[in-house]
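Reader: Hi! Could you pick a single part of this model, look at it closely, and then show me how the rest of the fold connects around it?

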Amino acid sequence: MRLKANVLVIGKLKKPWTDTAGNQRVAYSANVVQNNGEVIDNIRLSEFQFSSLEVNQPYVITADFGRGQNGGYLNIVDITPQK
């Protein structure tokens, strides 16, 4: 299912982690709010999406909803500045 949402980016996070093969990786994410701060969530991003975001700016997110081993997740397809 494809979803669209208007969000406000309130923070960006870049965390290093090590995979099971011992390779160093980096996870990129952003904290977002909706409905005047009522809904707060963390979204996972690609490095390119992460680098294009500015904190305290509104964006339109296009995402695909999927289900995995750990439950539901969003795959961010596109994130663009709100006009």
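Author: Gly72 is the place to begin, and you will find this glycine in strand β5. Please keep in mind that the model is predicted. With a relative accessible area of 45%, Gly72 is partly exposed, because that value falls between the 20% and 50% limits. Setting aside residues up to four places away in sequence, Gly72 touches Phe65, Gly66 and Arg67.

Now let's place β5 in its sheet. There are 5 strands in this open sheet, in the order β3-β2-β1-β4-β5, and their pairing is antiparallel. Strand β5, covering 71–81, is an edge strand, as is β3 at 39–45; each of the two pairs on one side only. On average, neighbouring strands of the sheet are turned by 40° against each other, direction ignored. Going along the chain instead, the elements run β-β-β-α-β-β from the N terminus, which fits a count of 1 helix and 5 strands.

Strand β4 gives a good view of the sheet from a buried position. Thr62 has its place in β4. Thr62 is buried, its relative accessible area being 10%, and the limit for that label is under 20%. Neighbours within four places in sequence left aside, Thr62 is in contact with Arg2, Leu3 and Lys4, and also with Asn75, Ile76, Val77 and Asp78.

Arg2 comes up again in a charged pair. The structure holds 2 salt bridges. In one of them, the side chains of Arg2 and Asp64 meet at 2.7 Å, N to O. This pair links distant parts of the chain, with Arg2 in strand β1 and Asp64 in strand β4 (residues 57–68), 62 residues apart. As for accessibility, Arg2 is exposed at 52%, whereas Asp64 counts as partly exposed at 24%.

Asp19 and Arg25 form a salt bridge too, their closest N and O atoms being 3.1 Å apart. Here the acid is the buried partner: Asp19 has 16% relative accessibility and counts as buried. Arg25, at 40%, counts as partly exposed.

From these charges, we can move to the pairing of β1 with β2. Strand β1 (residues 2–18) and β2 run antiparallel and are joined by 10 bridges. One detail to look for is Thr18, which stands opposite Gln24 in β2.

Strand β2 also takes part in an aromatic contact. A search of the whole structure finds 1 aromatic pair. The ring centres of Tyr28 and Phe50 are 5.1 Å apart and the planes lie at 50°, so the pair is tilted. Tyr28 belongs to strand β2 (residues 24–34) and Phe50 to helix α1 (residues 47–52), so the pair ties together parts that are 22 residues apart in sequence. Both Tyr28 and Phe50 are buried. If you care about charges over rings, look at Lys12 as well: Lys12 lies over the face of Phe50, at 4.5 Å from the ring centre.

Coming back to the C-terminal side, follow the chain past the strand where we started. Gln82 is placed in the segment after β5. At 34% relative accessibility, Gln82 counts as partly exposed. Not counting residues up to four places away in sequence, Gln82 touches Asn6, Pro58, Tyr59 and Val60. A C-alpha to C-alpha distance of 9.2 Å separates Gln82 from Ile61, and these two are 21 residues apart along the chain.

A few overall values complete the picture. The protein has 83 residues, and 28% of them count as buried. Its C-alpha trace spans about 40 × 25 × 20 Å along the principal axes. Among contacts between residues at least 6 apart in sequence, 41% join residues at least 24 apart. The salt bridge of Arg2 and Asp64, with its 62 residues of separation, is one long-range link to look at on screen.

How values were computed:
Residues are numbered from 1 along each chain as its sequence is written. This is a predicted model: local features need pLDDT of at least 70, side-chain atom pairs count only at pLDDT 80 or more; totals for chains, interfaces and linings use all residues. Side-chain values use heavy atoms; hydrogens and water are left out. Rings of Phe, Tyr and Trp (its six-membered ring) pair if their centres lie within 6.5 Å; planes under 30 degrees apart count as stacked, over 60 as edge-to-face and the rest as tilted. Helices (H or I, at least four residues) and strands (E, at least two) are DSSP runs, numbered from the N terminus. Buried means under 20% relative accessible area, exposed over 50%, partly exposed in between (1.4 Å probe, protein chains only). A charge sits over a ring if NZ of Lys or CZ of Arg is within 6 Å of the ring centre and within 35 degrees of the ring normal. Two strands pair if DSSP finds at least two bridges between them. Axes are lines fitted to C-alpha atoms, for helices over the stretch in contact, and angles run from 0 to 180 degrees between N-to-C directions. Contact means heavy atoms within 4.5 Å. A salt bridge is a side-chain nitrogen of Lys or Arg within 4 Å of a carboxyl oxygen of Asp or Glu.
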